[in-house]
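Biologist: Please pick one part of this model and take a close look at it with me. Keep it simple, and explain each term as you go.

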Amino acid sequence: MSASELILAIDQGTTNTKALLVSQTGKVLHQASVPNQVSYPRPGWAEQSALDLVAGVKSVIATVFDLAGSDHVIAGVAISNQRESIIVWDASTGEPIGPCIIWQCRRSADRCDALRAAGHADLIEDRTGLALDPLFPAAKIAWLLDSVPGARVRAEQGELRAGTVDSWLLWTLTDGAVHATDHSNASRTQLFNTATLEWDAELCALFDVPQRILPQVKFSDAHFGDIAAGVTALPAGTPVLAMIGDSHAALFGHGVRAPGTVKATYGTGTSLMTLTKQRVRSRHGMSSTIAWSQSCVVHHALEGNISVSGQAASFMAGLLGGKDAAALSALAQTVPDSGGVTFVPALVGLGAPHWRADARGAIVGMSLGTKPAHLARAAIEAIAFQVADVHAAMEQDIGVPLGELRADGGASRNAELMQFQSDILECPVVTASAPEVSAIGAAALAYSGLGIAVPGVAAARTVNPIMDAQTRNQHRQRWQAAIAQALVQPTSNKDNGGHS
Ligand SMILES: O=P(O)(O)OC[C@H](O)CO
């Protein structure tokens, strides 16, 4: 492979869709990004247009292809994606039968509750490593099949296909030639048995999902298929050489190949992940998941997924009439602390380690002295507090103190947040020199299949704790009291999308 042959990595996230041209040394040579719309049609629901996601991918590919010019040859494509978001489409027309129901959506909460009430939660977690929760696609697929007229019959007759975003993009980029996913994405569906490495017939029956509509599961560094003629700016036949969930790709991008290092990706939500020697069952609210499969070997991990973290800042910015998360962060810096105000961004329930779909957001501790800057500060601090909760639970599962935390994603560039994170965790936080670690990780995985070892993204700086123990404990107690408040708030049926 000559040095001019490069991987184009797509990072299809909830908030943005990006494409990056990544060199054989892991350097980002060109990149493009477009924002995505998310709709919230009812309390607790969240969805995107599946066709808009494809349009965004085509647009960023075209921009990067143009920027690459004739200097570079695109040897292949790597896909990293928002996980647990599901699309069901017509196999002959490629038309989605409904929206892309995204990971944050809670519309299938009643189905999960029914399975729990029937005593199936333990079996589901035992086989998939995932706590029964509407975050995961299984119950969402069933919801779509039952809500779109005629869909269930069509699914049973083999006329429909279902898949997570990687699978949907692969289908469209190959013009319907390939219906496949990788082990990391399959392991997030709550239908994949991570012990047998197959779709689990019993789980498909429990969730009422016909197995025949699910994609073929391949190794994350497989040759998944080839880009079809006229679908994108890329030449026909450009191979798709890697697919991997974004959080998993970030761990790979940090250069982590063995247990012992934990990373946090600060995106719309935040995911903490660490490799494990084998498949484990968490006892402290973590997910046991497949990190990736490479060179025909499956690697397992523990993960704690926080549903709303970076998004807590943009949400609070909106409430306060501010422009965006960056403006909120600037406002937060005008006060030395939150003035005793705590914000729990349980805006779609709480994920790890609590797993309470019925929890709702809470702002506690306000007084007549509370200013918008205190609320802004509380929103930034909430990101760090949630990460600390998952970190503590993960440490309990692992049984030994976790060392430094590797940080990546947009909010990892916020110096004040990283300092507060280190202070609350009482451990060093090492930030990555490039924020786009997921895309670089996906590219590195594709390169690895071509025999090229891309180094992990270098550290930008190490942030050490400076907070005194008494202040840290006060902060932690304040947070725990607020979490308790968020967990006891009554949820009306309407908040679950009208389901009882
Ligand atoms: O859209 P992101 O980058 O926040 O990632 C979403 C996660 O993959 C959901 O599990």
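Modeller: Here is a walk along one strand and its partners, then on to the ligand and one helix. The model is predicted: local features need pLDDT of at least 70, side-chain atom pairs count only at pLDDT 80 or more, and totals for chains, interfaces and linings use all residues. Residues are numbered from 1 along each chain as its sequence is written, and side-chain values use heavy atoms, without hydrogens or water.

Start with strand β16, residues 270–276. Strands here are DSSP runs of E with at least two residues, helices are runs of H or I with at least four, and both are numbered from the N terminus. Is β16 buried or exposed? 7 of its 7 residues are buried, so the rest of the structure largely encloses it. Buried means under 20% relative accessible area, exposed means over 50%, and partly exposed lies in between (1.4 Å probe, protein chains only). T270, L272, T274 and T276 point one way from β16. S271, M273 and L275 point the other way.

Now the partners. Two strands pair if DSSP finds at least two bridges between them. β15, residues 262–266, pairs with β16 in the antiparallel sense, over 5 bridges. K263 has M273 of β16 as its bridge partner. A hairpin through 3 residues joins β15 to β16. β18, residues 297–306, also runs antiparallel to β16, with 7 bridges between them. There, L302 of β18 stands opposite T274.

Next, the ligand. Residues around it include D246, G267, T268, G269 and N305; a residue counts as near if one of its heavy atoms lies within 4 Å. One ligand oxygen atom is 2.6 Å from an N or O atom in the side chain of D246. A polar backbone atom of T268 is 3.0 Å from a ligand oxygen atom. For the side chain of N305, an N or O atom is 3.3 Å from a ligand oxygen atom. On its own, the ligand has 310 Å² of accessible area, and the protein covers 87% of that. Such areas come from the Shrake-Rupley method with a 1.4 Å probe.

Last, helix α10, residues 310–319. Its buried residues are G310, Q311, A312, A313, M316 and A317. What covers them includes α11 (325–332), β19 (342–344), β20 (362–364) and α12 (372–398); contact means heavy atoms within 4.5 Å. After α10 comes G321, with a positive phi near 80°.

Definitions and conventions:
A polar contact is a pair of N or O atoms within 3.5 Å; within protein, one must be able to donate a hydrogen and the other to accept it, and residues adjacent in sequence count only if both atoms are side-chain atoms.
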